[in-house]
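Let's take a walk through a protein model together, going from single residues up to the whole chain. Keep the picture open and find each spot as we reach it.

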Amino acid sequence: MTATRPNTTPPNLGPRWRGRITALLGILLYAFSLRSAVASFSPLVEHVRADFPISTLVVGLIGAAPLACYAIFGLLTPIIERFVGLDRLAWMAMAAGTLGLVGRSLANDELTILGSTLGLFAALGVANILLPALVKKYFPDRIGLLTAAFTVAMALSTMLPAALAVPVADAANWRFSMGMWAIFAAAAVIPWIILIVRSRRAAHPSPAEGSPTPIDTRAFGRLWRLPLAWALTLVFATAGGIAYSTFAWIPAILGDTVGFSPAAGGVMLALFALVAVVTSVLAPIIMTRSNRVLPLFLVSLACGFIGVAGLIWVPAWNTWLWIVLLNLATTTFPMTMMLLGMRVRSAETAVALSGFVQSIGYLIAALFPIGFGILHDLTGSWTPALALWMLLLAAALPAGFVVARPITIEAQWERHTGRQW
């Protein structure tokens, strides 16, 4: 997520919550809509296939779509926002996301469902970058509280669609089950339109404070030479690679290896998301109070190894335990979000580092949903695909030691080159 410049409380909003309830509602609905589109698809793949054929490759591409879009629009959004404005782009992105959700639910072939999904996640890729800027603009004095709140909203929007997708599809149909989340995306548009109208009516409307700081291209170029930037990228990619391939494939994996029904697979996805709610809150607290990055990192990786091993060798034994342990490996996501601010001296460097880490990290993570599908088709087994997680966790291990060192990007550049940042 793109870093922003610090600023003061916007005028006309008043102390604490007065005048900011609309913005609070908008932020929470915004956050909720960012993940529901991801988690509502994979449990319904078999329901969709009952209507029309959809290949394993297309399922993998749909699983990779959010990652690829987040990577691309992590760089493009700050540029677009400079011309459009923060609040205006916020409602436009979510309105486009609403249309994408509706379009996907009306698809009649695999190309249509793939195309609508790509459009959907292009819109949500923009929204993903805007969220911290909206918090910065309207709640500069409550950033910690609002960040925790929208993180929980995002986790809930992963859990609920996964749990409800199949029951709703069985009771109605898959189109209604997949499209009903457009209601929340449409609702998320309304607060930002209200705020725009309110701003225009004001005698002295405030500028779009909290807008993303344009990426410093010189700083971005320097990051390619720094081990810390690459280590943060790999740690970030570890969480994304595991999470998004889980969203795409875990119902199918458990169906083939354990005999789970689609509904039971959806419940396991919901459990995966529920654990994320807890870790998203606890990991930043642990890091803030103890400043012990390496122990937390090693514990999360160890849990991931055990979870993957369980899914490979004894998947039917306490399957829920393997899912919980697997999710603990994705604790590297909130860890990375904090380290993007802790390992820089300035907001300008934070923007460049965030763009570098998220863009490349999401591109790496996007390979895993696709790789899972290809390996399964080639081998007829899920074991080689699950082994990809083992390789990813092993590759991330040395990166954890690098990111745990209390050194900034600027200091590492100066140490390596002998020149000022």
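Start with R222, which you'll find in helix 9, the stretch covering residues 217-223. Keep in mind that this is a predicted model. Is R222 buried or exposed? Its relative accessible area is 13%, and the cut-off for buried is under 20%, so R222 counts as buried. Who does R222 touch in there? Leaving out residues up to four places away in sequence, R222 touches W413, Q420 and W421.

Now hop over to N318. This one sits in a loop, with helix 12 (293-313) on one side and helix 13 (319-328) on the other. What's worth a look here is the backbone: phi of N318 is near 50°, a positive value in a residue other than glycine. As for the surroundings, N318 has 30% relative accessibility, so it counts as partly exposed.

Next, turn to the surface. Which residues make the nonpolar patch there? They are V278, V281, L282, I285 and I286, and the patch they make covers about 360 Å². Pick out V281 from that group: it belongs to helix 11, which takes in residues 262-290. With a relative accessible area of 31%, V281 is partly exposed.

Time for helix 1, which runs over residues 21-39. You can do a quick check on this one. The helix has 19 residues, and at 1.5 Å a residue they should span 27 Å. The C-alpha atoms at its two ends are 28 Å apart, so the expectation and the model agree. And where does helix 1 sit? Of its 19 residues, 16 are buried, so helix 1 is largely enclosed by the rest of the structure.

Helix 1 also brings us to aromatic rings. How many aromatic pairs does the structure hold? There are 14. One of them is made by Y30 and W192, with 6.2 Å from centre to centre and 80° between the planes, which makes the pair edge-to-face. This pair links distant parts of the chain: Y30 is in helix 1 and W192 is in helix 8 (residues 182-201), and the two are 162 residues apart. Y30 has a relative accessible area of 0%, so it is buried. W192 is buried too, because its relative accessible area is also 0%.

Now compare a pair with another arrangement: F32 and W181. Their ring centres are 6.2 Å apart and their planes meet at 45°, so this pair is tilted. Here too, distant parts of the chain are linked: F32 lies in helix 1, while W181 lies in the loop between helix 7 (174-179) and helix 8, 149 residues away. Both F32 and W181 are buried. Going back to Y30 and W192 for a moment, these two join Y138 in one aromatic cluster.

Finally, zoom out to the whole chain. What is its secondary structure made of? You'll count 17 helices and zero strands. The chain has 421 residues, and 57% of them count as buried. Look at the contacts with a separation of 6 or more: residues 24 or more positions apart account for 85% of them. On the outside, the accessible surface of the chain comes to about 16,500 Å², with 69% of it belonging to carbon and sulfur atoms.

Key
Residues numbered from 1 in each chain as written. Predicted model: local features only at pLDDT ≥ 70, side-chain atom pairs only at ≥ 80, totals over all residues. Heavy atoms only, no water. Helix = DSSP H or I, 4+ residues; strand = E, 2+ residues; numbered from the N terminus. Buried < 20%, exposed > 50% of the residue type's maximum accessible area, 1.4 Å probe, protein only. Contact = heavy atoms within 4.5 Å. Patch = residues over 30% accessible without salt bridge, like charges linked within 9 Å, V, L, I, M, F, W, Y side chains within 5 Å. Areas by Shrake-Rupley, 256 points an atom, 1.4 Å probe, with all protein chains shown as cover. Salt bridge = Lys/Arg side-chain N within 4 Å of Asp/Glu carboxyl O. Expected span 1.5 Å × (residues − 1). Phe/Tyr/Trp six-rings, centres within 6.5 Å; stacked < 30°, edge-to-face > 60°.
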